[in-house]
Amino acid sequence: MDMHVTREPLATPRHFACLPLPLFEESTAPSPLSNPGNDFHPSPKTMVVKMEGEDREEGVMATDFFWSYTDEPHASRRREILSKYPQIKELFGPDPLAFLKIAAVVLLQLWTATHLATASWLKILTVAYFFGSFLNHNLFLAIHELSHNLAFSTPSYNRWLGIFANLPIGVPMSITFQKYHLEHHRFQGVDGIDMDIPSLTETHMVKNTLAKSIWVILQLFFYALRPLFLKPKPPGLWEFTNLFIQLTLDASLVHFWGWKSLAYLILATFVGGGMHPMAGHFISEHYIFNPDQETYSYYGPLNLMTWSVGYHNEHHDFPRIPGYRLYKVREIAPEYYENLKSYRSWSQVIYMYIMDKSVGPFSRMKRKPAKEAGAEGKKDE
C-alpha cells in the first residue's frame, strides 16, 4: 500500500525555496515504498494537509499555518516499529551517567561565574558567547531529558536533578518546562495546547528578514514567555521550590561575588538561545521547509553536546529512550528514518529560516483539537 499526501486545492499552491545539499539531507538508499521485496508497511492513513489563507506565491511569506487533519505521525510509527522490532524496548530506561554529566557542567559553569567576578564586560560577554552558552544550553537540554524522567526511575528524583541543573541558567524554568513540554509530545501541533508553536502575535510581528533576525535573537524569550501568556498554569509546590532555590543561588552569587557573576550566567543563557549554533534546534525540529514532513532530525556533531536532541524524529517516536541511545533506534529500524529529510547544520538552518522569504512563524503544522475537528468532520459529511 502506498502512503500519499493529499492537499486541498487553493488558488495558488505554496512554493518552497530549493535548499542546498548541506542543509537538507535525503538518503540515497532505495526507498522501501518502491521496493516490492521490502516488508516495510507504512500506515494506510492519508495525511491531509490544507494550506489555508491567502494565495501562496513564491518568495512570499505564508499568512496562515499548515493544517493537518490527521493525528501526529509519531504514535502510529512507534506502534509499527515496536511490532516489527520489539527489541527496541530494551533501549527504554534512564541514562545511568546523567547525574554525573549534569553535575560536571553545573560545577564548571558556577566556577566560571565566580572566576569572572572582576572581569571586564567585554571578557564576560566573550566568554558567555563562546563558552558559557554551550554549557547553559547543554543544561537546558539536560532539563529536557529530565522532563521525560530519563535520569532516574523515580519522577521526583528527576525533578530535583532538574532544579539542580537549572542553577547556572539563572532563571527558574525546570519544573514549568516539564508541564508544557509533555503536552507538546502528547498534543503535537494541536491548536491552543502545543505551546511550541508561535503565537499569532509573533506571526503578525515577524514578516521580513530583519524581523526574523530579531526574533531569532530573542527566541528564547518567546519560547519561555509564550505559554505563560497563552496557557498559564497555576504554580504548585514544585514551582515554588524551583523558584526559591534559584533565587537563593542568584542572591548568594551577588552577595559573595557581585553582579557580574550573575550577569555572566544570564548572558550565557540568553546568547546561547538566540543567534547561536546550538539554538538552531529550536527551528530545525518542527519548522516546515517541506509540507510532507513536520518533524526533522539533525545528524551533526553538536549532538555530542546536546543530549542527542538532534535525533528528533527518533525522540518523538520513543520519548522513553535517553538521548545517548537514540542513534540505535535508527540503526535497528533504518527504513523508517533513512528516507526522511534531515539536517547536517543547525547554523545553516538559522540562515535559511532568516533568508528564505517564504518561511516564517507560520511555517508550522497545526491541528484542531479533537472535539473541534470531529465537529468539522461531521459538518463536512
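Notebook: helix H4, the nonpolar patch and the ring pairs

I began with helix H4, residues 155-166: its twelve residues reach 17 Å from first C-alpha to last, close to the 16 Å expected at 1.5 Å a residue. I note here that the model is predicted.

Next I looked up which residues of H4 are buried. I found Asn158, Leu161, Gly162, Ile163, Ala165 and Asn166. I then asked which helices these buried residues pack against. The partners are helix H2 (98-115), helix H3 (121-147), helix H5 (174-186) and helix H9 (237-257).

Overall counts. I recorded 15 helices and seven strands for the protein. Of its 381 residues, 50% count as buried. I took the contacts with a separation of 6 or more and found that 79% of them are between residues 24 or more positions apart. For the accessible surface I have about 18200 Å², with 64% of it belonging to carbon and sulfur atoms.

Nonpolar patch. I looked for exposed nonpolar side chains and noted a surface patch of about 940 Å², made by Leu210, Ile214, Ile217, Leu218, Phe221, Leu225, Leu228, Phe229, Leu230 and Met275. Helix H7 (209-217) and helix H8 (219-230) are the elements that give two or more residues to this patch. Which element gives the largest share? I find that H8 does, with five residues. I checked one patch member, Phe229, which sits in H8. Is Phe229 buried or exposed? Its relative accessible area is 66%, so I list Phe229 as exposed, the cut-off being over 50%.

Aromatic pairs. My search of the whole structure gave 19 aromatic pairs. One of them joins Phe92 and Phe318, with 6.3 Å centre to centre and 45° between the planes, which I enter as tilted. Phe92 lies in the loop between helix H1 (73-84) and H2, and Phe318 in the loop between helix H12 (312-317) and helix H13 (326-332), so this pair ties together parts that are 226 residues apart in sequence. I have Phe318 at 1% relative accessibility, so Phe318 counts as buried.

I then turned to Tyr129 and Phe130, an edge-to-face pair with 5.1 Å centre to centre and 75° between the planes. Tyr129 has a relative accessible area of 26% and is partly exposed, whereas Phe130 is exposed at 60%.

Last, I asked which residues ring pairs link into a cluster. I wrote down Phe140, Phe177, Tyr223 and Phe282.

How values were computed. Residues numbered from 1 in each chain as written. Predicted model: local features only at pLDDT ≥ 70, side-chain atom pairs only at ≥ 80, totals over all residues. Heavy atoms only, no water. Helix = DSSP H or I, 4+ residues; strand = E, 2+ residues; numbered from the N terminus. Buried < 20%, exposed > 50% of the residue type's maximum accessible area, 1.4 Å probe, protein only. Contact = heavy atoms within 4.5 Å. Areas by Shrake-Rupley, 256 points an atom, 1.4 Å probe, with all protein chains shown as cover. Patch = residues over 30% accessible without salt bridge, like charges linked within 9 Å, V, L, I, M, F, W, Y side chains within 5 Å. Salt bridge = Lys/Arg side-chain N within 4 Å of Asp/Glu carboxyl O. Expected span 1.5 Å × (residues − 1). Phe/Tyr/Trp six-rings, centres within 6.5 Å; stacked < 30°, edge-to-face > 60°.
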